[in-house]
Amino acid sequence: MATMEECRSALDKLSDSLARAEGDVRAAAALDRSLSCHITDLDVTFAGRLRSGRIEVHDTAPGPPREKAQIRLAMKGDDLVAMVDGELNFAKAWASGRIRLEASFRDLLRLRTLL
């Protein structure tokens, strides 16, 4: 089971990848939206913003998200780490229910480039 530190590091690595992206991926990541990532097996939520192609984590709190973010992710810590390391395909994990993503229809259309 991934630790809280490994999950935070994975989010930082994902943020760095988004910041280096170009073209359609860069445009999709350029949203300015509140974001939460609930790590279900640790029962901890990282909350922050997706802004200018980066993930900014502002808070870490026990339990599910306290407030409803505009983009909401939920997954096990191992799945987050595997996804960021390229060992888990996001689209397949999302389709199978291993990763949950909730957002407005419009945001989902923009984010599909990232998937």
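**Exercise 1. The cavity.** Which strands each supply at least two residues of the lining of the largest cavity?

*Solution.* Keep in mind that you are working with a predicted model.

Step 1: Count the cavities. There is one of 30 Å³ or more, and the volume of the largest cavity is about 40 Å³.

Step 2: Find its lining in the structure. Look for Leu11, Leu35, Ser36, Cys37, Phe46, Ala47, Gly48, Ile55, Glu56 and Val57.

Step 3: Assign these residues to elements. Strand 1, strand 2 and strand 3 each give at least two of them.

Step 4: Sort the lining by class. Seven of its residues are nonpolar, two are polar and one is charged.

**Exercise 2. The aromatic pair.** Work out how the rings of Phe90 and Trp94 are arranged, and how well each residue is covered.

*Solution.* Step 1: Locate the pair. The structure has one aromatic pair. The ring centres of Phe90 and Trp94 lie 6.1 Å apart, with an angle of 35° between the planes.

Step 2: Name the arrangement. Planes under 30 degrees apart would count as stacked and over 60 as edge-to-face, so the pair at 35° is tilted.

Step 3: Place the two residues along the chain. Both belong to helix 4, four residues apart, which means about one helical turn separates them. An α-helix has 3.6 residues a turn, so residues three or four places apart point the same way.

Step 4: Check the covering. Buried means under 20% relative accessible area, so Phe90, at 13%, is buried. Trp94, at 32%, is partly exposed.

**Exercise 3. Helix 3.** Is helix 3 mostly covered or mostly uncovered?

*Solution.* Step 1: Count its buried residues. Six of the eight are buried, and helix 3 is mostly covered.

Step 2: Identify them. They are Gly77, Asp79, Leu80, Ala82, Met83 and Val84.

Step 3: Look at what lies over them. The covering elements include helix 1, strand 1, strand 4 and helix 4.

Step 4: Follow the chain onward. Just after helix 3 comes Gly86, with a positive phi of about 80°.

**Exercise 4. The core.** Find which residues of the largest nonpolar core touch the most other members.

*Solution.* Step 1: Start from the whole core, which has 29 residues. Those touching the most other members are Ile39, Ile71, Leu73, Met75, Leu80, Met83 and Ile99.

Step 2: See where the core comes from. Elements giving two or more residues to it include helix 1, strand 4 and helix 3.

Step 3: Take Met75 as a case. Beyond its neighbours within four places in sequence, Met75 contacts Cys37, His38, Ile39, Thr40, Leu80, Met83, Arg98 and Ile99.

Definitions and conventions:
Residues numbered from 1 in each chain as written. Predicted model: local features only at pLDDT ≥ 70, side-chain atom pairs only at ≥ 80, totals over all residues. Heavy atoms only, no water. Core = buried A, V, L, I, M, F, W, Y, C linked by side-chain atoms within 4.5 Å. Buried < 20%, exposed > 50% of the residue type's maximum accessible area, 1.4 Å probe, protein only. Contact = heavy atoms within 4.5 Å. Phe/Tyr/Trp six-rings, centres within 6.5 Å; stacked < 30°, edge-to-face > 60°. 1 Å grid on protein atoms, 1.4 Å probe; cavity = no way out; pocket = protein on both sides within 12 Å on 5 of 7 lines; lining within 4 Å. Points joined across faces, edges and corners; volume = space filled by probe spheres on them. Nonpolar A, V, L, I, M, F, W, Y, C, P; charged D, E, K, R; others polar.
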